[in-house]
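Biologist: May I ask for a close look at a single part of this structure, with an account of how that part is placed in the rest of the chain? Please explain it step by step, for a student who is new to the subject.

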Amino acid sequence: NACDPAAAAFEMGFQPHLPQDYTAFLCEPTIGSYDPNDKTGYPGGLDSQNYIFPNLEMDYRIRFQNTGTDTAIFVYIIDTLPLNLDLGTLRMGAASHPYTWELLPVDTLTGQHALRIGFNPIYLPDSTTNPAASQGYVYYHIRQNPDLPNGEKIRNAASIYFDYNAPIRTNT
């Protein structure tokens with residue numbers, strides 16, 4: 001079972017010997033075709049409605065891939081943060097490439113903040129030249145606002161900009 005850390009470590013031939021030896025595992029369902037530019041929130045939730053417990057920290061991963069025809073010099077992600085997330089708890093996480101980030105001013109129409117993540121320069125090759133190197137990702141963590149009512153929906157999507165091209169919108 002690839003989602004069993006002990007079994008996966010054994011299958012990979014890795015056995016920890018020292019306290020600092022560790023492995024990390026990300027277990028996800030296997031699905032068919034996918035857009036290489038997507039956003040995933042963890043925990044995934046229960047039932048078809050994706051119910052989660054209140055007051056949890058949410059972990060988000062945004063993946064991107066340069067499916068264009070040339071190297072992308074820079075990539076920017078604009079992620080509009082829902083009002084039911086606590087901006088004071090935002091913690092940026094691991095990424096495939098060095099990045100900068102900032103919270104943009106409140107959008108006067110929606111009242112929402114946006115998280116801007118920049119990979120500049122990134123020199124991301126196109127997927128036909130180098131499929132493995134054409135991909136990237138970033139993680140961040142943020143808590144829900146305290147004591148949200150049952151049934152509260154936390155929905156958002158990100159826009160990914162490759163150089164000066166129109167944005168690619170992730171799933172919600």
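**A surface patch, a covered strand and the charged pairs**

Modeller: Let us begin at the surface, where Leu46, Tyr51 and Phe53 make a nonpolar patch of about 380 Å². One of these residues, Tyr51, lies in the loop between β1 and β2. Tyr51 has a relative accessibility of 47%, so it counts as partly exposed.

The model is predicted, and its confidence should be considered before any detail. The mean pLDDT of the chain is 83, and 80% of the residues reach 70 or more. Over residues 1-26, however, the pLDDT is below 50, and this stretch has 21 contacts in the model beyond near neighbours in sequence. Where pLDDT is low, the predicted coordinates should not be read in detail.

The chain as a whole provides the setting for the close look. It has one helix and nine strands, and along the sequence these follow the pattern α-β-β-β-β-β-β-β-β-β. Of the 172 residues in the chain, 32% are buried. The accessible surface of the chain comes to about 10,700 Å², and carbon and sulfur atoms account for 55% of that surface. Among contacts between residues at least 6 apart in sequence, 69% join residues at least 24 apart.

The part chosen for the close look is strand β8, which covers residues 158-162. Is this strand mostly covered or mostly uncovered? Strand β8 is mostly covered, for four of its five residues are buried. The strand belongs to an open sheet of five strands, whose order is β5-β6-β3-β8-β9 and whose pairing is antiparallel. The edge strands of this sheet are β5 and β9, each of which pairs on one side only. In the order of the sheet, β8 stands between β3 and β9. In a regular strand the side chains alternate between the two faces of the sheet.

Consider the side of β8 that meets β3. Strand β3 comprises residues 75-81, runs antiparallel to β8 and is joined to it by five bridges. Within this pairing, Asp79 stands opposite Ala158 of β8.

On the other side, β8 meets β9, which comprises residues 168-169. These two strands also run antiparallel, and two bridges join them. Ser159 stands opposite Arg169 in β9, while Ile160 stands opposite Ile168 in β9. Strands β8 and β9 form a hairpin with five residues between the strands, and in this hairpin Asp163 takes a positive phi near 50°.

From this strand we turn to the charged side chains elsewhere in the chain. Side chains of opposite charge can pair when their charged atoms come close. How many salt bridges does the structure hold? The structure holds four salt bridges, and three of them can be described here.

One of them joins the side chains of Asp38 and Arg63, with a distance of 2.6 Å from N to O. The pair links distant parts of the chain, as Asp38 is in strand β1 (residues 38-42) and Arg63 is in strand β2 (residues 57-65), 25 residues apart. Asp38 has a relative accessibility of 12% and therefore counts as buried. Arg63, with a relative accessible area of 23%, is partly exposed.

Another salt bridge is formed by Arg91 and Glu57, whose closest N and O atoms are 2.9 Å apart. This pair too links distant parts of the chain: Arg91 belongs to strand β4 (residues 85-95) and Glu57 to strand β2, and the two are 34 residues apart. Arg91 is partly exposed, at a relative accessible area of 43%. Glu57 is also partly exposed, at 25%.

Glu102 and Arg116 form a further salt bridge, at 3.4 Å from N to O. Here Glu102 lies in strand β5 (residues 100-104) and Arg116 in strand β6 (residues 113-119), 14 residues apart. Glu102 has a relative accessible area of 36% and is partly exposed; Arg116, at 26% relative accessibility, counts as partly exposed. This pair leads back to the sheet of the close look, because β5 and β6 stand side by side in the order β5-β6-β3-β8-β9.

Conventions:
Residues numbered from 1 in each chain as written. Heavy atoms only, no water. Buried < 20%, exposed > 50% of the residue type's maximum accessible area, 1.4 Å probe, protein only. Pairing = 2+ DSSP bridges. pLDDT = per-residue confidence, 0-100. Contact = heavy atoms within 4.5 Å. Areas by Shrake-Rupley, 256 points an atom, 1.4 Å probe, with all protein chains shown as cover. Patch = residues over 30% accessible without salt bridge, like charges linked within 9 Å, V, L, I, M, F, W, Y side chains within 5 Å.
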